[in-house]
Amino acid sequence: MSLHRILSVAITAVSLLACSSSSSGTSNTVDSGALDASAGDSSAVDSAVADSAGEGSSDASSLAGGSGTVTGTDVDGGPPFGTVATAIFIGHPDNAATTAIYLVNAPLTCAETAASGWSHTIPMGTHIYEMILTTSTPATGSYSVSGATSPPVGSAEVQLIVAQPTRNETRATTGTVTLATLTAGSKAAGTFSVGFVDGSMLQGSFDAVYCADAHEP
């Protein structure tokens with residue numbers, strides 16, 4: 001092969017290597033940017049999914065939520081109810097012909113209420129305000145409080161429960177619970193004013209969220 005031919009082949013090879021290196025560098029830069037952008041998008045999606053999960057009761061680790069107020073005189077000389085941290089209406093009342101609503105002065109997840117007897121497993125001393133509305137079908141309206149063991153249809157069973165290893169509850173005997181809003185599988189809202197045998201009174205409001213797996217305490 002002539003010297004001219006050898007030099008021509010060498011120059012061509014060097015040019016090809018330079019182009020390959022340049023192309024590779026550009027490709028790497030683009031790929032890296034694309035990966036970064038892709039990772040950013042994925043993180044944003046993951047974050048949105050996490051935020052969405054935090055809003056729903058289906059996430060066992062999420063607090064149930066809801067809101068409400070309980071004010072009035074101390075029942076049976078006990079401490080005041082305090083601030084409502086959890087307000088729920090449950091998917092598994094003992095009687096299917098009832099709507100059961102709970103206001104709790106401690107933050108709870110729906111998972112913590114998913115078994116009967118949860119008033120014995122949550123932190124001791126927690127206050128639970130229970131309202132069980134007896135209806136032939138779930139309905140809004142005013143329910144008169146009944147002190148009977150088996151309240152008649154159209155009445156309300158109301159109790160103040162204190163979380164303890166054994167049952168600790170005081171039943172209201174007079175008053176009214178008004179269910180203003182009831183949306184199946186979503187929320188229940190209303191007001192109440194009830195009295196107890198010792199003369200104490202409790203008044204307040206509730207905007208309860210639905211916990212599908214929850215049972216009576």
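Which strands each supply at least two residues of the lining of the largest pocket? The points below take up this question first and then turn to individual residues.

1. The pocket and its strands. Strands β2 and β3 (98-104) each contribute at least two residues to the lining of the largest pocket. The model under discussion is predicted, and the pocket is therefore a feature of a predicted structure. It holds about 170 Å³ of space. Its lining consists of 13 residues, and those nearest the centre are F89, I90, T98, T99 and P138. In terms of class, nine lining residues are nonpolar and four are polar, while charged residues are absent.

2. Overall architecture. The protein comprises one helix and nine strands. Read from the N terminus, the order of elements is α-β-β-β-β-β-β-β-β-β, with the helix placed ahead of the strands. Of the contacts with a separation of 6 or more, 61% join residues 24 or more positions apart.

3. Burial and surface. The protein has 217 residues, of which 33% are buried. Its exposed area is about 11300 Å², and carbon and sulfur atoms account for 57% of that area.

4. F89 in strand β2. F89, one of the residues nearest the centre of the largest pocket, is located in strand β2. Is F89 buried or exposed? Its relative accessibility is 6%, and F89 therefore counts as buried, the cut-off for that class being under 20%. F89 also illustrates a long separation in sequence: A208 is 119 residues away along the chain, yet the two C-alpha atoms are 5.9 Å apart.

5. T86 in strand β2. T86 belongs to the same strand as F89, β2, which spans residues 86-92. With a relative accessibility of 2%, T86 counts as buried. Which backbone atoms does the side chain of T86 reach? One is the backbone oxygen of A106, at 2.8 Å. Another is the backbone nitrogen of L108, which lies 3.0 Å from a polar atom of the T86 side chain. Beyond its neighbours within four places in sequence, T86 is in contact with A64, G65, Y102, L103, V104, A106, P107 and L108. A106 and L108 thus appear both among these contacts and as partners of the T86 side chain.

6. G91 in strand β2. G91 is a further residue of strand β2. Its relative accessibility of 25% is the reason G91 counts as partly exposed, since buried residues must fall under 20% and exposed ones over 50%. Once residues up to four places away in sequence are set aside, G91 touches Y210, C211, A212 and A214. In addition, G91 and G185 have C-alpha atoms 8.1 Å apart, although 94 residues separate them in sequence.

7. D76 in the loop before β2. The loop between β1 (67-72) and β2 contains D76. What is the phi of D76 near? The value is near 55°, which is positive in a residue other than glycine. Most residues other than glycine have a negative phi. D76 counts as exposed because its relative accessibility is 51%, and the cut-off for that class is over 50%.

8. S155 in strand β6. S155 lies in strand β6, which covers residues 155-162. At 5% relative accessibility, S155 counts as buried. A polar atom of the S155 side chain lies 2.5 Å from the backbone oxygen of P152. Apart from neighbours within four places in sequence, the contacts of S155 are I132, L133, T134, Y143, S144 and S146. For T134, the C-alpha to C-alpha distance from S155 is 5.7 Å, with the two positions 21 residues apart in sequence numbering.

9. The cavity. How many cavities of 30 Å³ or more does a search of the whole structure find? There is one. The largest cavity has a volume of about 40 Å³. Its lining is formed by S119, H120, I161, V162, Q164, T166, R167, N168, E169 and P217. By class, three of these are nonpolar, five are polar and two are charged. The lining of the largest pocket, by contrast, has no charged residues.

Terms used: Residues are numbered from 1 along each chain as its sequence is written. This is a predicted model: local features need pLDDT of at least 70, side-chain atom pairs count only at pLDDT 80 or more; totals for chains, interfaces and linings use all residues. Side-chain values use heavy atoms; hydrogens and water are left out. Helices (H or I, at least four residues) and strands (E, at least two) are DSSP runs, numbered from the N terminus. Buried means under 20% relative accessible area, exposed over 50%, partly exposed in between (1.4 Å probe, protein chains only). Contact means heavy atoms within 4.5 Å. Accessible areas come from the Shrake-Rupley method with a 1.4 Å probe; for residues, only the protein chains shown count as cover. A polar contact is a pair of N or O atoms within 3.5 Å; within protein, one must be able to donate a hydrogen and the other to accept it, and residues adjacent in sequence count only if both atoms are side-chain atoms. On a 1 Å grid over the protein atoms alone, a cavity is a set of points where a 1.4 Å probe fits but cannot get out, and a pocket is an open set with protein on both sides within 12 Å along at least five of seven lines; lining residues have an atom within 4 Å of a point. Grid points are joined across faces, edges and corners, and a volume is the space filled by probe spheres set on the points. Ala, Val, Leu, Ile, Met, Phe, Trp, Tyr, Cys and Pro count as nonpolar, Asp, Glu, Lys and Arg as charged, and the others, Gly among them, as polar.
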